[in-house]
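Visitor: Could you walk me through this model, feature by feature? I would like to learn how to read each one.

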Amino acid sequence: MKEHDIASTDTLAVHAGVGSNEHLAVVPPIYQTSTFAFDSVEQGAALFAGERPGYIYSRMGNPTVEGLEKSVTALEGGYAGLACGSGMAATHTTLAVLLQNGDHLVCSDAVYGPTCTLVDTVLSRFGIECTMVDTSDLDAVKLAMRPNTKVVFVETPGNPTLVICDLEAVCRMAHAHGAQVVVDNTFMTPVLQQPFRWGVDVVVHSLTKFLNGHADVVGGMIVVKEESQYPTFRKMLNHLGGVLPPLESFLVHRGIKTLALRMQRHCENAMKVAEFLERHPAVEWVRFPGLKSHPQHEIAQRQMSGPGGMISFGLKAGLEAGRKMMNAVKLCGLAVSLGGVESLIQHPASMTHAGMGPDARKRANITDGLVRVSVGIENADDIIADLDQAMSG
Ligand code: LCS
């Protein structure tokens, strides 16, 4: 069966990109090599000229990396994938392709902290201006658009506030302006949200999170929708150089085989944890796309096939109580990153989003009291018991 004939993400997660190999190994080998020998000078030249398919040098292409790229591409329903050394490398490479001096970018204000820093402080040095807006507010997005706006970069649900953007509506607006839409799909994975269905042009991921799922690799992925986009993206990644090595590619590809199962468990567990938190007398507020109290709950139900595993909340007694709680967890790890099988808890204002600065955090609604939990696949009752004891300690 061809990959494009398979519709279900469960089956694609297991099979896509695995392909066949010389010895019919069920799990393809790791091509742990930096370079590939040529049969002859003529063949080498033909490979460089693009007249023949084949591998030259692992920054330009490697079969193990390609297997992973095919897997994520099939899951997203795109044309091609480009594995990058980190999620930040995927975002940087994408924006380097789509923007140049004199262009303007509109970006979600609730994004992973370093994404905000990249667009705000690094791209500005290259003459690219950026407006950060609440992309759940379409009027605000419309107001931010300028004649030179080339890209709308959306993270949905946003890190860490879990604010949700209506992708179909934002694509319609951006395309009418001649701008492309890039979506960071890290929090959802293609199992729960497929941005290309809503008109998005480019999808980026931090593979470090749910896609790999085992907290042992840092990686990223770009997926483009159309064939025409691909050569420029490949050239840019090759020139910027932020590629993913073969061993890491193998590990992420292995992790993806259980992606659909893991996402189902993350969603179920997070729903239980969010309901527990919402009922808890010490908790002031909870943000989780699966709760009816989420301001964009209806969009979530239409656009996402599950609420995901991320929850943010605040305690009535404020930041100090949150700190005490985070220091008291026993099962949950006190660590940044997310999307692994193990539950993690962290404090965005002093950790992942500290570098954004207080003004950008305020604009994005990232309050000092906000606590973020990445709900793992342990027994939900055990996670709840841990949070409960940490709050009452
Ligand atoms: N996009 C999102 C939504 C992220 O959460 C992260 C990392 C990135 C991109 C960047 O990916 P990386 O380069 O780390 O692979 N988020 C992290 C977080 O919330 N805690 O630690 C890392």
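Guide: We will start with the ligand site and then turn to the sheets. Keep in mind that this is a predicted model.

Visitor: Which residues come nearest to the ligand?

Guide: The shell around the ligand has 18 residues, and those coming nearest are Asp 184, Ser 206, Thr 208, Ser 337 and Arg 372. By class, the shell holds 5 nonpolar, 9 polar and 4 charged residues.

Visitor: Where does the ligand lie with respect to domain 1 and domain 2?

Guide: For this, look at which domains supply the shell. Domain 1 (7-256) and domain 2 (260-392) both contribute residues, so the ligand lies between them.

Visitor: How do I read the polar contacts of the ligand?

Guide: Look for pairs of N or O atoms within 3.5 Å. In this model, a backbone N or O atom of Ser 337 is 2.8 Å from a ligand nitrogen. A polar backbone atom of Gly 87 lies 2.9 Å from a ligand oxygen. Lys 209 takes part through its side chain, with an N or O atom 3.4 Å from a nitrogen atom of the ligand.

Visitor: And how much of the ligand's accessible area does the protein cover?

Guide: On its own the ligand has 480 Å² of accessible area, and the protein covers 94% of that.

Visitor: Now the sheets, please. What is the strand order in the sheet of 7 strands?

Guide: Read across the sheet from one edge to the other. The order is E1-E7-E6-E5-E4-E2-E3, in an open sheet with mixed pairing. Strand E1 (80-84) and strand E3 (129-133) are at the edges; each has a single partner strand, so one side of each has no neighbour in the sheet. On average, neighbouring strands here are turned by 20° against each other, ignoring direction.

Visitor: Do show me one pair of strands inside that sheet.

Guide: Take strand E4 (residues 149-155) and strand E5 (residues 180-184): they run parallel and are joined by 5 bridges. Within this pair, Val 151 stands opposite Gln 180 of E5.

Visitor: Which strands stand at the edges of the sheet of 5 strands?

Guide: This open sheet has the order E8-E9-E12-E11-E10, again with mixed pairing. Its edges are strand E8 (283-287) and strand E10 (333-334); each has a single partner strand, so one side of each is left without a neighbour in the sheet.

Visitor: Do E8 and E9 run parallel or antiparallel?

Guide: E8 and strand E9 (residues 310-315) run antiparallel, with 4 bridges joining them. To find the pair by eye, look for Val 286, which stands opposite Phe 313 in E9.

Definitions and conventions:
Residues are numbered from 1 along each chain as its sequence is written. This is a predicted model: local features need pLDDT of at least 70, side-chain atom pairs count only at pLDDT 80 or more; totals for chains, interfaces and linings use all residues. Side-chain values use heavy atoms; hydrogens and water are left out. A residue is near a molecule or strand if one of its heavy atoms lies within 4 Å of it. A polar contact is a pair of N or O atoms within 3.5 Å; within protein, one must be able to donate a hydrogen and the other to accept it, and residues adjacent in sequence count only if both atoms are side-chain atoms. Accessible areas come from the Shrake-Rupley method with a 1.4 Å probe; for residues, only the protein chains shown count as cover. Ala, Val, Leu, Ile, Met, Phe, Trp, Tyr, Cys and Pro count as nonpolar, Asp, Glu, Lys and Arg as charged, and the others, Gly among them, as polar. Domain bounds come from an automatic or database domain assignment. Two strands pair if DSSP finds at least two bridges between them. Helices (H or I, at least four residues) and strands (E, at least two) are DSSP runs, numbered from the N terminus. Axes are lines fitted to C-alpha atoms, for helices over the stretch in contact, and angles run from 0 to 180 degrees between N-to-C directions.
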